Amino acid sequence: MVRRLATLALIPAAAFIGLVIAGAPAQAAVVSTSTLQTQVVSLSNQARVKAGCKALKVNAALLWAARGHSKYMATSGRFSHTGARNSTFAARARAAGYTAARSENIAWGYRSAREVVNGWLKSPGHRRNLLDCGARTFAVGVVYSTNGTPYYTQMFGSR
């Protein structure tokens with residue numbers, strides 16, 4: 001019975017459609033943000049190649065924008081594609097010096113790179129962004145909140 005209730009409690013979150021994914025609160029040992037970012041980049045590129053797309057190169061400006069948005073979400077507790085001062089992902093990329101932003105994925109609470117990438121691949125909108133063969137560059141920014149919950153931002157670009 002307890003298992004069934006736990007499963008039923010997850011259905012509304014799984015049914016949520018959009019470009020926002022949340023995982024269970026982090027409970028595992030904290031991995032450094034640079035390690036987690038590198039792992040997400042690697043797993044994302046593996047998924048892209050498996051789907052017939054080219055692996056993407058990490059862009060420093062997109063990394064700056066992605067980490068900034070993850071920091072905003074982690075410190076403000078606001079989980080949204082809308083950032084500080086109502087910024088969009090394209091505005092955040094431009095502010096970081098990148099003028100060809102294409103899309104953005106966000107997530108929070110996933111305890112590992114594999115969990116977050118699998119979560120994105122199971123979501124139609126996130127999957128579309130991740131496996132967009134027209135993207136040329138990307139970056140992943142991870143920031144932990146004060147309670148240890150990781151916030152993820154993945155930004156894609158056209159050049």
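Here are a few notes on this predicted model, point by point.

1. Ground rules. Residues are counted from 1 along each chain as its sequence is written, and side-chain values use heavy atoms, with hydrogens and water left out. As this is a predicted model, local features need pLDDT of at least 70 and side-chain atom pairs count only at pLDDT 80 or more, while totals for chains, interfaces and linings use all residues.

2. Confidence. The chain has a mean pLDDT (the predictor's confidence in each residue, from 0 to 100) of 86, with 82% of its residues at 70 or more. Watch residues 1–21, though: pLDDT stays under 50 there, and the model gives them 20 contacts (heavy atoms within 4.5 Å) beyond four places in sequence. Where pLDDT is low, don't read the predicted coordinates in detail.

3. Two helices crossing. Take H2 (residues 33–50) and H5 (residues 113–122), both helices (DSSP runs, H or I, of at least four residues, numbered from the N terminus). Their axes (lines fitted to C-alpha atoms over the stretch in contact, with angles from 0 to 180 degrees between N-to-C directions) come within 9 Å and cross at roughly 40°. That makes H2 oblique to H5 (not under 35 degrees, over 145, or 65 to 115). On the H2 side, the contact residues include Leu36, Val40 and Leu43, and on the H5 side Val117 and Trp120 are among them.

4. A charged pair. The structure holds 3 salt bridges (a side-chain nitrogen of Lys or Arg within 4 Å of a carboxyl oxygen of Asp or Glu). In one of them, Glu104 meets Arg92 at 2.7 Å, N to O.
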